[in-house]
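Here's a quick tour for anyone meeting this structure for the first time. Take a look at the model below, and then we'll walk through a few spots in it.

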Amino acid sequence: MAECHPVGFQWVMEAKARGTKVFHIDPRFTRTSAMADHHVPIRAGSDIVLLGALINHVLSGGHDFREYVLAYTNAADIVSAEFRDTEDLDGLFSGFDAESRTYDPASWSYEPAEEGEAAPRGGEHAGGGRHHAETARPDQYGSGGATAHPRPRRDETLTHPRCVYQLLKRHFSRYSPEMVEQMCGIPAADFHRLAAAVVAASGREHTTAWVYSVGWTQHTVGVQYIRSAAILQLLLGNMGRPGGGILALRGHASIQGSTDIPTLFNILPGYLPMPKAGVNRGLEEYLAHAATDTGFWGNKRSYLVSLLKSWWGDAATAANDYCYDYLPRLTGDHGTYSTVLGQIDGTVKGYFVVGENPAVGSSGGRTQRLGLAGLEWLVVRDMTLIETATFWRDGPEIETGELRPEDIGTEVFFLPAASHVEKEGTFTQTQRLLQWREKAVEPPGDCRSDLWFYYHLGKRIRQRLADDEIDRPLRDLTWDYPEHGESREPSAEAVLREINGTGPDGRALSSYLDLKADGSTRCGCWIYCGVYADEVNQAARRKPGGEQSLVAPEWGWAWPLNRRMLYNRASADPRGRPWSERKAYVWWDEERGEWTGADVPDFERDKSPDYRPPPGATAQAAISGTDPFIMQADGKGWLFAPSGLGDGPLPAHYEPHESPLPNLLYGQRANPARKIYDRPETPYNPAGSSRFPYVLTTYRLTEHHTAGGMSRTLPYLAELQPEMFCEVSPELAAERGLVNGGWATIVTSRAAIEARVLVSGRVRALRLQGRTIHQVGVPYHWGWAGGGVVTGDAANDLMPIVLDPNVYIQEGKASTCDIRPGRRPTGRALLDLIEEYRRE
C-alpha cells in the first residue's frame, strides 16, 4: 500500500501511531514492510492456504463472534444433501462438467424450505432445483443479486452436519499452520503471531481491516482470495463496522468509476447484467434472470427502466419495452483477451485504445501485438506515442523478423488526449467517493478530453446515418449536451446530472429510492442517484475535515446516498444497539423511530429491528429488521455462496496454472474452471517443469505509473527508477551466477526479456515441501518507447494468458520462469532461444 497507494497509506501510519498492529503479507519486503510491525513473506499464489488456516484457527478455537455470526450470516442455513465438497471429490465441488470445464450449481443450493413457507416468485424454491441452476451462474446477473432462497431451513444451534457453519469447519480443517509452512513458506511461529493478532483485534470491542490490491485479484482464483477474506471478516464480526471491512485498493484515478459506469463487457451501469443473446429475449425475460426479487436488487426494474429512459428518452415507452431491444447482446466471452485472439483470427477489425497500453501493459505482450497487427484500423488516444501506437514500426517482433512494417495493414490513428488537469469531471476513487475536479489549464494543441472525443464522434456518426431501421438505436439516443469554449467541450456537469437522474418534473432526483418502473424517471446509473441532489454538484464539496465529523460527509459524495461505510447496519446488534459504545456508528433510536448515527444508515431509515417480512414480500420489504446485508437475497453475509460463482461455493486452494509445486491439499492441482486459451501464440510453461523452476511475480513502483506512458517520459521520475530490473535473493544470485547491477535474461515459453539485476534480501528464498523455492520479482512499467528518457523490456511479455472464471482477469502475479546471467539475444537468435526452451 505504501508502494502503490502512498497517499492512502498515511492513514495506516496514523492508525499505527494510535496503537494499531500492522502486518504486511507479501512476497517482497517493500516500503510497506519497512513501516509495518511484521512482514510475513509468502509464496506468490498461495494466499488461500494462509487465509484458510486463519479461518480454521477461528473456527476450531471458538474465536468467532457468535452473536454476530448467528444473526448476520448464513452460518445456520442448511445446504442440500446433494452437495459434495472438495474434501469428498479431491478438489472438485459437485456439479463439475469436465468437458465444458464449468459447474452446474444446482447441488449448491440450500435445503428446500419447510412445507408451508412461501416460495419466491416464479413458483419454485429459488434455493433448489432447476430454477436455481438456471439463475445462479455468474454470467446471469450483475455485481449483486445472485439467487438464493430468502428464508431457507436453518439450525440455530449450528450443529447440523450440513449447516454452513459445519461445512466451513470441515472444508478448512486441513488448512493448518503446518500446511501454511509447507505451501506458503511462512514459519508456524509467524502464522501463530498473525492469527493471535487477528483474533485479539476482533470482536465486540475491536475490529480488524484487510487491505488488498491487484496482487490478490490477478490470479486464476482471484475472486476466491477476496471471498476467503470476506469469510474470515464475517466470522470475526468485522464487516459493516468502523475499523473493519475489506479495503480494495483499486487503480489510481477512476478505476472504481470505470466499473460503476462500466468499461467492462458484461455489465451495464450500476452493475446490472448485460443481456445475453438467445436467453434474455425481452424485458420480462431479462428481469426474470437479472437478479433476485428480494433485497434491494428486487427494484431492478426501476433501475433498468430509468437507465433506458436516460439513454433513449421519449423514444423509450412501455409499448416498446423502453427500448430494451436496442441493447447489445452477449454471445459469449467478449473480454480483453478473447478480443485480442479475435484480432489474430480476423473477426475483430477495429480497436479503440483509451488510457491503456496493451502492447506492454497486458499479459502475453507478443500476443497483444500480433492482434494489433491483424486489425484494419486502430485508434489510440494518449498523451504520448505509447508502444501500442508504434508497435508496427519498432516493436520487438520487428527486430526478430516475425513482423514487417510493410506487411502490417493496420491503419493507426493517434489522437492526443488531455490530462487530468486539462479537463473537468469526477474521479471515483477506491472508497466509492466521487470527487469533482476543475479544469486547471486548457489542453494544448489538438489534445482533447475523452468526453469531447466520444461526444463529437457520436455527433458525426449520427450525422451520417440514413433512415435504415438498423440505425434507429443511434438516432434515438439522447445525445445533446451544452458545449462551451473554442473547442466546443461538452459540459461534464450536465453529464453528471444526467447520470444522477431526473424526475417527472425534470428536476434532479435525490435518491435511488425515487426511481420508478413506469418510465417517469430517468437515471444513467442508479447507484449514483443523489450526486446531484437539490440541483447541487455534491461531488464538488470540499469542506475541510476540521469543520465536520470524522466521517466527513461533506467532502465529495460516496455512492450510494453518500454512505461512507457499506452495510453499516451491522455496526449495531440485532436490537439496534451499538455492539460497542466505543465503536458506535449507526443505531436505532426507539424514541424517534429511525436509524441515526455518524453516517447515512445503509438500511431503510424507518425500518425497526422488530420488522419481519410478510409471506411473499419482495425487494427491500423481504429484508428483516435484523438483516444488514441489504443487497443480498436473504440480507445475510454469505459464508457459503449457494450461487453466483463459477468455481465453487467455498474458496479452495489451487496452484497457479504455472507452478513449480503440486497441490498438497487436493489431487486437483489448478482451478478446474479457469479459462485456458490453447493457442500457439501464447503457450504455457508445463506445471512442475524443471526448465522453469522459479516463481515469477510482477509488481509496481511508486515512481512509475502502470505501463509507464505517463511516467517514463518524465526525467525527474525516470531518474528515480532509471532502468528495468529484476529482484532476486542472494541465494538465487549465487545459484545462477547473477551479479548485482549486471544483466539477467528471464525466460518463459512465451518470451525472453533482459533486466538489470538487483540482488536483495527483499525477496527471500522459501523452504517448501522439502525444497528451496526462489522467486523472481519484476516491475511492469517498462517498454521500448519512452520519449528518449528510459526504455526497457516489458515484463508482461513473459506472462501467460490464463484467467479467473468469474471476472476474466489474468493470472499476472504468479507464474514460472528461468533466469540466466547476461543479456538476451537479439533478432532471430532470440526466437531460437525461446524455441530451445519449448523443445526441452
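Helices and strands here are DSSP runs, with at least four residues for a helix (H or I) and at least two for a strand (E), numbered from the N terminus. Keep in mind that this is a predicted model. We'll look at an annotated span, a small sheet and one buried serine.

**The annotated span**

- The UniProt record, an unreviewed entry, lists residues 694-806 as "domain: Molybdopterin dinucleotide-binding".
- Helix makes up 12% of that span and strand makes up 32%.
- From end to end, the C-alpha atoms of residues 694-806 are 28 Å apart.

**A three-stranded sheet**

- Three strands, in the order 12-13-16, make an open sheet with antiparallel pairing.
- At its edges sit strand 12 (425-428) and strand 16 (557-558), each of which pairs on one side only.
- As a bit of background, strands of a sheet pair through backbone hydrogen bonds, either parallel or antiparallel.
- Strand 12 and strand 13 are joined in the antiparallel sense by four bridges, and here Phe427 stands opposite Gln435.
- On the other pairing, strand 13 (residues 433-437) meets strand 16 over two bridges, again in the antiparallel sense.
- Across that pairing, Leu433 faces Ala558, while Leu434 stands opposite Trp557.
- Helix 22 (residues 492-500) packs on the sheet and touches both strand 12 and strand 13. The direction of helix 22 makes about 155° with that of strand 13.
- How much of strand 13 is buried? Four of its five residues are, so to speak, tucked away, and the strand counts as mostly covered.

**The turn between strands 12 and 13**

- Strand 12 and strand 13 form a hairpin with four residues between the strands.
- In this hairpin, Arg432 takes a positive phi near 70°.

**A closer look at Ser46**

- Where is Ser46 found? Look in the loop between strand 2 (38-40) and helix 3 (47-60).
- Is Ser46 buried or exposed? Ser46 counts as buried because its relative accessible area is 0%, and the cut-off for buried is under 20%.
- A polar atom of the Ser46 side chain lies 2.7 Å from the backbone oxygen of Arg43.
- Setting aside neighbours within four places in sequence, Ser46 is in contact with Met183, Cys184, Tyr225 and His653.

Methods
Residues numbered from 1 in each chain as written. Predicted model: local features only at pLDDT ≥ 70, side-chain atom pairs only at ≥ 80, totals over all residues. Heavy atoms only, no water. UniProt positions renumbered as here; feature names shortened; annotations may be inferred. Buried < 20%, exposed > 50% of the residue type's maximum accessible area, 1.4 Å probe, protein only. Polar contact = N/O pair within 3.5 Å; in protein donor to acceptor, adjacent residues only side chain to side chain. Contact = heavy atoms within 4.5 Å. Pairing = 2+ DSSP bridges. Axes fitted to C-alpha atoms, helices over the stretch in contact; angles between N-to-C directions.
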